[in-house]
Structures are given as C-alpha cells and as structure tokens.
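Biologist: I am new to this structure and would like a close look at a single part. Please take me through the place where the ligand is held, and what surrounds it.

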Amino acid sequence: MIRDNIFKVRERVDAACLRAKREPSAVTIVAVSKGRPAEQVKEALGAGILDIGENRVQEALLKYDQLRDSGLVIKWHMVGHLQTNKVKDAVRIFDLIQSVDSLRLAEEIDRQASKINKVQDILFEIKTSPEETKTGVDPDKAAEVMKEAGRLKNINVKGLMTIAPIVEDPGQARQFFRKLREISENLFGRHPETDASVLSMGMTDDFETAVEEGATMVRIGRAIFG
Ligand SMILES: *Cc1c(COP(=O)(O)O)cnc(C)c1O
C-alpha cells in the first residue's frame with residue numbers, strides 16, 4: 001500500500017510539474033514518517049524514497065538506530081520545531097534541519113556542529129502566514145537573519161521552508177507558497193549563484209499547488225503512510 005501511495009504521489013508531483021513547465025526531477029519527495037514504525041520507513045525506502053522526515057528528535061533517534069545497519073541509504077530531515085536542548089542530538093543524525101526558526105537556534109546548531117566537525121545543512125523556516133500559532137522567521141527580518149547566519153562557519157543555508165495554514169481549498173494556500181518563492185528570490189536571486197535554492201513547501205493537502213509555485217521539496221505524511 002505504501003508503495004502504491006508513493007507511485008501515486010510521484011505521479012501527481014510529475015503532473016503538477018508538467019502544468020508548471022518544470023522538470024519533475026527538480027522536486028524531491030520527503031516521506032514524513034512521524035508516528036510510524038521503522039518497518040514502514042523501510043517499505044518507503046524500498047519503493048524509491050531516499051528522504052525521510054521526522055518532527056521529534058527522540059523518535060528520529062530511535063528509528064535512526066533501528067535502520068543504521070540496514071544498508072539502506074537514507075537522508076534524514078528534521079521538519080518539526082527544534083528545542084535548543086535537542087540540538088546536540090539533532091546535528092548527530094540529521095542531514096538537513098528544515099525548521100530553523102530563529103537566529104539563536106542557528107547559532108546553537110553552529111556551536112554543536114563545530115564540536116563534531118560537521119557543517120550542518122539547514123533551511124530557515126519562514127512565517128508566511130500571520131497566524132499567532134505559526135513558528136518561523138518573520139519575512140521582514142529574513143534578510144538580516146540570513147546575513148548574520150552567513151557568518152556561522154558550521155552551518156550551510158540550503159534554502160527556505162514554510163508550513164501553510166490549514167485551509168479548506170488548497171488554492172487558498174497558493175499565496176503562502178508564492179510568498180516563500182518571492183522571499184527566496186529576493187534573498188538569493190532568481191538564479192541563485194549560491195546553492196541556497198531549496199524551497200520546502202507543500203504537504204498532503206496542498207503539495208500540487210506548492211509544486212506549481214516552485215517547490216523543490218514536498219513533505220508528505222498521510223498520502224504515503226495512510
Ligand atoms: C507532519 C508534517 C508534514 C506531513 O504532513 P501530511 O499532511 O501528513 O502530509 C509535513 N511537514 C511538517 C512540518 C509536518 O510536521
């Protein structure tokens with residue numbers, strides 16, 4: 001079932017690329033396996049997925065250990081809110097920390113990464129919608145945060161991430177995806193000379209709209225794992 005779901009998601013991503021005249025190979029599917037056992041992660045990996053997303057460090061550590069000797073190639077993504085006291089463990093296992101929502105967190109990641117001689121790839125999470133409950137860097141502060149983060153030697157900013165609010169019709173999420181793309185173009189240029197070109201946006205309910213608006217990474221949980 002997971003295999004079928006992955007093929008269906010891939011087909012829908014490819015169709016959205018076609019509509020937007022984009023290369024399907026430019027969109028990576030991150031399978032978000034929070035709350036799912038390592039067995040199901042294995043199934044997804046067996047169906048061509050390379051990227052696994054988790055939103056809790058503790059849970060990710062467990063699966064990381066369970067799958068470490070499986071011989072499977074896995075890129076681990078942190079997509080949930082990261083607390084400062086979990087950064088040390090996070091930099092040990094994650095290939096990409098997508099949910100960096102403040103300069104302070106970036107500084108702590110830099111500090112912990114330097115201790116293990118790692119340059120940690122990160123995305124800055126941007127607050128593209130005004131809801132109080134949403135986390136992320138304020139768009140007005142993004143340029144300044146990016147400039148400060150540029151001084152940190154043990155992080156590498158690969159791009160931006162956003163979580164759109166829950167809306168009734170995925171079309172209503174389009175404005176938030178468009179906003180993230182515009183912020184990215186303002187920060188990094190339309191054809192970035194840096195490699196900070198990742199746009200992580202779109203989940204089960206809205207990923208096709210996100211791809212139409214330029215997502216290079218979609219984070220899919222329910223449409224894959226049911
Ligand atoms: C859970 C989660 C997802 C996946 O959500 P679905 O709606 O199940 O696809 C994506 N991004 C983040 C940050 C999440 O926490």
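Modeller: What follows goes from the ligand outward to the spaces in the protein. The model is a predicted one.

The ligand sits in the largest pocket. Ten residues can be looked up in turn around it: Val 32, Lys 34, Val 79, Ile 163, Met 203, Thr 204, Arg 219, Ile 220, Gly 221 and Arg 222 surround the ligand. By class, this shell around the ligand has five nonpolar, two polar and three charged residues.

Polar contacts come next. Arg 219 places a polar side-chain atom 2.9 Å from a nitrogen atom of the ligand. With Arg 222, a polar side-chain atom lies 2.7 Å from an oxygen atom of the ligand. For Gly 221 the backbone takes part: one of its polar backbone atoms is 2.8 Å from an oxygen atom of the ligand. On its own the ligand would expose 380 Å², and the protein buries 90% of that.

Now the pocket itself. The volume of the largest pocket is about 700 Å³. Its lining consists of 28 residues, and those nearest the centre of the pocket are Lys 34, Ile 163, Ala 164, Met 203 and Arg 219. Among these, Lys 34, Ile 163, Met 203 and Arg 219 also belong to the residues around the ligand. Sorted by class, the lining of the largest pocket has eleven nonpolar, seven polar and ten charged residues.

One further space deserves a mention. Searching the whole structure gives one cavity of 30 Å³ or more. The largest cavity holds about 30 Å³ of space. Its lining is made up of Glu 125, Ile 126, Lys 127, Thr 128, Ser 129, Lys 134, Thr 135, Thr 162 and Ile 163. In that lining, two residues are nonpolar, four are polar and three are charged. Ile 163 links the parts of this account: Ile 163 is one of the residues surrounding the ligand, is among those nearest the centre of the largest pocket, and also lines the largest cavity.

Conventions. Residues numbered from 1 in each chain as written. Predicted model: local features only at pLDDT ≥ 70, side-chain atom pairs only at ≥ 80, totals over all residues. Heavy atoms only, no water. Near = heavy atom within 4 Å. Polar contact = N/O pair within 3.5 Å; in protein donor to acceptor, adjacent residues only side chain to side chain. Areas by Shrake-Rupley, 256 points an atom, 1.4 Å probe, with all protein chains shown as cover. 1 Å grid on protein atoms, 1.4 Å probe; cavity = no way out; pocket = protein on both sides within 12 Å on 5 of 7 lines; lining within 4 Å. Sits in = over half its atoms within 2 Å of the grid points. Nonpolar A, V, L, I, M, F, W, Y, C, P; charged D, E, K, R; others polar. Points joined across faces, edges and corners; volume = space filled by probe spheres on them.
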